[in-house]
Amino acid sequence: MTLGISEAQTPEGGLPADHLVETTEAKQIEGRSLGQIAWARLKKDKIAVASAIVILLIIGVAIFAPLIVKINGFPPDQFNKLDADGNPLLNTRDGGIPIGGLWGSGTSSEHWLGVEPQNGRDVFSRLVYGTRVSLLVALGGTIIAIVLGTVIGMVSGYVRGWVDTLLSRLMDIMLSFPTLLFVMALTPVIASRGQDLFGIPDDNKLRLGVLMFVLGFFGWAYLARIVRGQVLSLREREFVEAARSLGAGPVYVIFRQILPNLVPTLLVYTTLLIPSYITAEAALSFLGVGIKEPTSSWGRMIADASAWIESNPLYLFFPGTALFITVLAFNLLGDSVRDALDPRAGRS
Amino acid sequence: MTESVTTTTTAGNGIGRPFLELKDLQVHFPTDDGLVKAVNGLSFTLERGKTLGIVGESGSGKSVSSLAIMGLQKGTRARVSGEIWLDGAELVSMSVPEIRRLRGRQVAMIFQDPLSAMHPFYRIGDQLVEAYLVHNDAPKSVAKKRAIDLLDRVGIPSPSKRFDDYPHQFSGGMRQRAMIAMALMCDPQLLIADEPTTALDVTVQAQILDLMMDLQKEFNSAIVIITHDLGVVAQMAQDVVVMYGGRVVESGPVRDIFYRPEMPYTWGLLGSIPRVNRGGDHRLKSIRGTPPSLINLPNGCPFQPRCDYQQHVEGHSCVAEVPELLQIGTGGHRVRCHIESERRKRLFAEQIKPNL
Amino acid sequence: MARYLVRRLLQTVLILWVISAITFFLFWVTPANPALLICGKNCNTETIAQVNATYGFDDPLVVQYGTYMKGLVNPTGRMIGTEGSERNCPWPCFGESYQNGIPVWDSIADSFPATFWLATGAAVLWLFFGVLLGLLAALRKGKWLDKLSVGIALFGVSFPTIVFGYLLLFTFIVKLGWLPFPDTANAALLDVGPAKWLQFYILPWITLALVYAALYTRLTRANMIDTMNEDYIRTARAKGLDERTVVFKHGLRSALTPIVTIFGLDLGGLLGGAVITEQIFSITGLGKFSIDSVLSNDLPAIMGVVLFAAIFVVVANIVVDVLYAFIDPRVRLS
């Protein structure tokens with residue numbers, strides 16, 4: 001027979017008031033929810049705050065791109081041949097390399113980051129508009145992957161039975177696809193198919209959507225597996241049984257009981273997906289299967305710039321740096337979010 | 001201020017010093033939230049062949065003190081002070097390589113959860129052999145033979161076959177026996193058992209305790225058994241130390257603790273034991289409140305916020321002063337409480353005892 | 001075990017069949033008239049009709065699929081072309097490229113070695129450095145080495161390959177001139193000798209390895225920290241084992257187990273083509289072949305590359321599962 005000590009829940013009651021006053025020199029340590037603890041930690045984390053600011057700035061650039069470009073004065077698609085004084089910007093005899101500026105990139109007080117070789121487009125404007133593409137695709141793809149992954153994972157884990165078997169096989173198959181190849185190959189195909197079937201022109205609006213869809217489509221399976229595993233164990237927990245015994249239907253249980261417990265996992269996965277999709281979009285555009293001309297994408301700029309790396313290296317490194325800083329900021333914030341959500345309080 | 005608890009019958013080693021003696025052990029951990037004072041002045045002695053039970057709630061400091069005896073906090077952030085004397089050697093001031101020579105050889109520990117305490121990827125037999133070969137320069141065959149002998153001795157059937165099994169292939173009781181065997185590989189003189197039966201079924205519990213008592217008789221080992229379960233203590237220990245908030249609040253021979261306790265916390269512990277022979281509508285009396293934060297220990301008696309008997313003390317002593325650990329009678333029974341001893345005895349006789 | 005392997009192999013065949021069907025129907029459903037691709041410049045209605053007949057583009061899709069799969073299933077391959085001018089396409093027949101008529105399998109076989117060396121070399125690099133750095137960081141947790149490693153790992157994970165590759169190329173080839181420009185010809189070890197071969201591959205290896213090494217550093221560090229907090233580590237110390245044994249025999253053994261499986265999956269995925277690195281350094285490997293095929297809508301080539309890569313991914317999954325069962329005795333192959 002196990003003999004133990006039970007810990008009563010009743011707080012100190014019945015103590016004379018003055019004793020209470022003397023004993024509450026001790027700090028009141030209240031219980032806090034995981035969300036509150038995480039938020040408090042996050043606010044204290046200097047790196048998290050710094051990277052959040054950078055991200056907000058980048059988002060701001062994306063949103064206000066047209067305004068910024070207006071101030072700059074050069075639309076991203078415009079071919080500029082002459083500068084304000086009427087002098088040519090590009091050395092047409094030398095293949096179209098920009099004249100002057102830092103390391104042959106054509107930087108000046110007008111064109112802050114220089115101009116593109118051969119067509120004279122303003123690099124700064126193109127960089128600013130490229131922000132939109134990167135963030136849109138990453139955000140859209142992430143949302144699709146998270147929603148798909150969560151729903152399928154929850155259904156699979158909760159309903160079990162043949163539905164689960166079917167969905168799990170589906171997850172296995174999805175995870176066996178050579179992802180990059182498929183994304184590479186599918187994007188142009190779907191785009192042109194969309195054009196045929198629905199009459200949507202294969203311009204970059206369609207491409208954006210296709211990219212988001214394809215990235216999300218190949219990203220949900222990994223999350224669905226994890227969600228399914230968690231749901232499988234969550235559904236056996238007592239609070240689910242309690243809710244069911246009170247008459248709650250499966251929808252209620254799934255959305256009000258199980259889903260809140262998945263939020264930390266979903267949050268962590270989101271922080272991993274966004275920077276990964278930013279990189280993926282850049283890589284796809286770099287390879288030529290992402291966003292097409294004339295819309296600017298950082299990846300596309302890098303690809304174009306690779307041919308000029310000897311004579312105009314900055315043309316590659318401006319978008320490269322932009323890409324790096326964006327991904328780094330998201331990764332830093334993601335790390336901080338993950339650390340903040342980690343229930344283990346031990347710090348170094 | 002050293003307050004020590006001596007075990008009753010002296011089966012001493014003749015040199016005058018007890019086999020194991022703790023003097024005012026303090027273990028503090030600096031953390032982000034403050035200094036955690038896990039152990040605040042623990043003292044006791046123990047002779048070979050005897051068992052000491054350390055009782056307390058989670059967070060009372062009992063496990064931490066056992067780790068300190070093994071020196072497992074050296075090199076971590078923990079600050080250990082005080083003295084631990086084992087067979088004439090002082091452990092707190094020892095270097096890590098020195099104390100490592102003692103671990104497993106002179107002092108061995110049995111942990112609470114044998115499944116997580118054994119490496120899942122290595123066979124049980126190999127883990128036992130490893131424990132032997134660390135301290136003995138012998139061929140593997142000798143170690144293997146000893147391991148199989150010990151597995152047999154602790155009651156594991158087909159020991160030579162089970163030698164090659166992995167921990168997850170054992171049942172809970174068998175695993176704990178295997179862990180005991182592992183602890184005994186080098187014939188340790190002191191065995192520390194940290195909640196050895198908590199993770200086990202009740203029937204298995206009894207078997208394990210019987211096993212430990214048999215082995216103690218055979219090897220004349222000293223045993224420190226750490227538990228929150230008073231039944232275990234009643235069965236095994238000759239002396240008991242009750243810890244609360246990192247301090248000893250009552251200690252002495254086991255009969256004194258069970259039949260003549262004089263500290264309100266001990267009363268609470270005894271009162272919360274379910275009794276088979278009482279009526280069905282009898283309510284379990286629990287100690288109200290929760291264990292203290294080890295960062296913000298109260299200035300006065302650590303038990304004061306939960307004590308129902310403070311009104312028997314005049315003035316604000318309970319809140320303002322830590323009571324001293326004072327001896328009662330001659331048998332080594334010590335209590336840390338502001339209430340006057342005679343009054344305590346009366347309170348126990350009138351209010352507590354009838355309900356036990 | 002044998003039963004398990006047979007079952008997994010059957011599943012593999014099933015999965016590959018599903019992938020082939022999906023790939024075929026997805027891509028063959030494009031409006032891009034494959035005949036146009038094949039006949040090239042001199043296309044008129046006659047030549048197109050001819051091509052359609054030769055390649056069977058007029059047949060229903062299912063029939064086309066069947067014909068294509070015959071080449072893969074039939075041990076003698078299949079015949080391509082119209083009556084009278086048929087060629088045998090030996091097994092495995094992935095068809096002939098629409099661009100240049102070369103059997104796709106030949107192209108794949110030619111491009112694979114470059115990818116193999118690229119992937120394997122990078123894998124060795126990232127495994128070694130990633131695990132080493134992660135281990136050191138975990139053991140010196142909180143000290144400067146740990147913070148530095150975490151910083152480096154974060155940096156590496158955030159550095160997109162397209163930027164890092166060109167950075168290396170620019171620095172070492174263009175500016176410093178320590179290494180030669182990548183040769184467009186495939187540098188085979190036996191042809192150019194080890195020194196030149198290393199020169200050719202070293203920058204691509206580092207480029208490819210960076211992100212993975214950073215990931216593995218983080219993973220190893222996290223696993224090691226978790227493992228060192230386990231109860232059995234405390235037991236090992238309580239037995240009197242010295243710290244080195246505790247860390248390497250008891251700690252690392254557990255911590256590295258998940259890394260082995262991830263490594264298998266990563267390498268398996270890369271063997272199908274390290275597309276970006278090959279593009280940057282002009283390595284004529286599978287990756288370059290696949291991107292060229294995609295950009296020119298060369299359907300048989302796309303099909304071939306996808307299936308070939310899928311085989312690696314699926315096999316890697318099986319190998320990794322079996323390996324895990326060997327490493328972790330608690331795992332039973334169901």
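This briefing walks through chain B, a helix pair in chain C, and the contact between chains C and A. The model is a predicted one, so please read every value below as computed from that prediction. Chain B holds 13 helices and 12 strands, and eight strands form an open sheet there. In chain C, helix 5 and helix 13 cross at roughly 50°, and helix 13 of chain C also takes part in the contact with chain A.

**Chain B as a whole**

- The C-alpha atoms of chain B fill a box of roughly 70 × 50 × 45 Å along the principal axes.
- A compact globule of 356 residues would have a radius of gyration near 21 Å, and chain B agrees with this, having 21 Å.

**The sheet in chain B**

- Reading across the open sheet, the strand order is 6-7-8-3-9-10-12-11, with mixed pairing.
- Strand 6 (107-110) and strand 11 (325-328) of chain B are the edge strands, each pairing on one side only.
- On average, and ignoring direction, neighbouring strands of this sheet are turned by 20° against each other.
- Four bridges join strand 6 of chain B to strand 7 (residues 190-194) of chain B, and the two run in the parallel sense.
- Ile110(B) has Ala193(B), in strand 7 of chain B, as its bridge partner.
- Helix 7 (residues 172-184) of chain B packs on the sheet, where it touches strand 6 and strand 7 of chain B. The direction of this helix makes about 170° with that of strand 6 of chain B.

**A helix pair in chain C**

- Two packed helices are described by the angle between their axes and the distance between the axes.
- For helix 5 (residues 104-139) and helix 13 (residues 299-327) of chain C, the axes come within 9 Å and cross at roughly 50°. That angle makes helix 5 of chain C oblique to helix 13 of chain C.
- The crossing of these two helices of chain C is right-handed.
- From helix 5 of chain C, Val104(C), Trp105(C), Ser107(C) and Ile108(C) meet Pro300(C), Ala301(C), Gly304(C), Val305(C) and Phe308(C) of helix 13 of chain C.
- By class, the residues of this contact are seven nonpolar, two polar and no charged.

**Where chain C meets chain A**

- The contact involves 40 residues of chain C and 38 residues of chain A.
- Elements giving two or more residues to the chain C side include helix 1 (2-28), helix 6 (144-158) and helix 7 (161-175) of chain C.
- Helix 13 of chain C gives the most to this side, with eight residues.
- The side of chain C that touches chain A has 30 nonpolar, nine polar and one charged residues.

Technical notes
Residues are numbered from 1 along each chain as its sequence is written. Chains are lettered from A and ligands numbered from 1 in the order in which they are written. This is a predicted model: local features need pLDDT of at least 70, side-chain atom pairs count only at pLDDT 80 or more; totals for chains, interfaces and linings use all residues. Axes are lines fitted to C-alpha atoms, for helices over the stretch in contact, and angles run from 0 to 180 degrees between N-to-C directions. Angles under 35 degrees count as roughly parallel, over 145 as roughly antiparallel, 65 to 115 as roughly perpendicular and the rest as oblique. A crossing is left-handed if the near helix is turned anticlockwise from the far one by less than a right angle, and right-handed if clockwise. Two residues are in contact if their C-beta atoms, placed from the backbone, lie within 7 Å. Ala, Val, Leu, Ile, Met, Phe, Trp, Tyr, Cys and Pro count as nonpolar, Asp, Glu, Lys and Arg as charged, and the others, Gly among them, as polar. Two strands pair if DSSP finds at least two bridges between them. The radius of gyration is taken over C-alpha atoms; the globule rule is 2.2 Å times the number of residues to the power 0.38.
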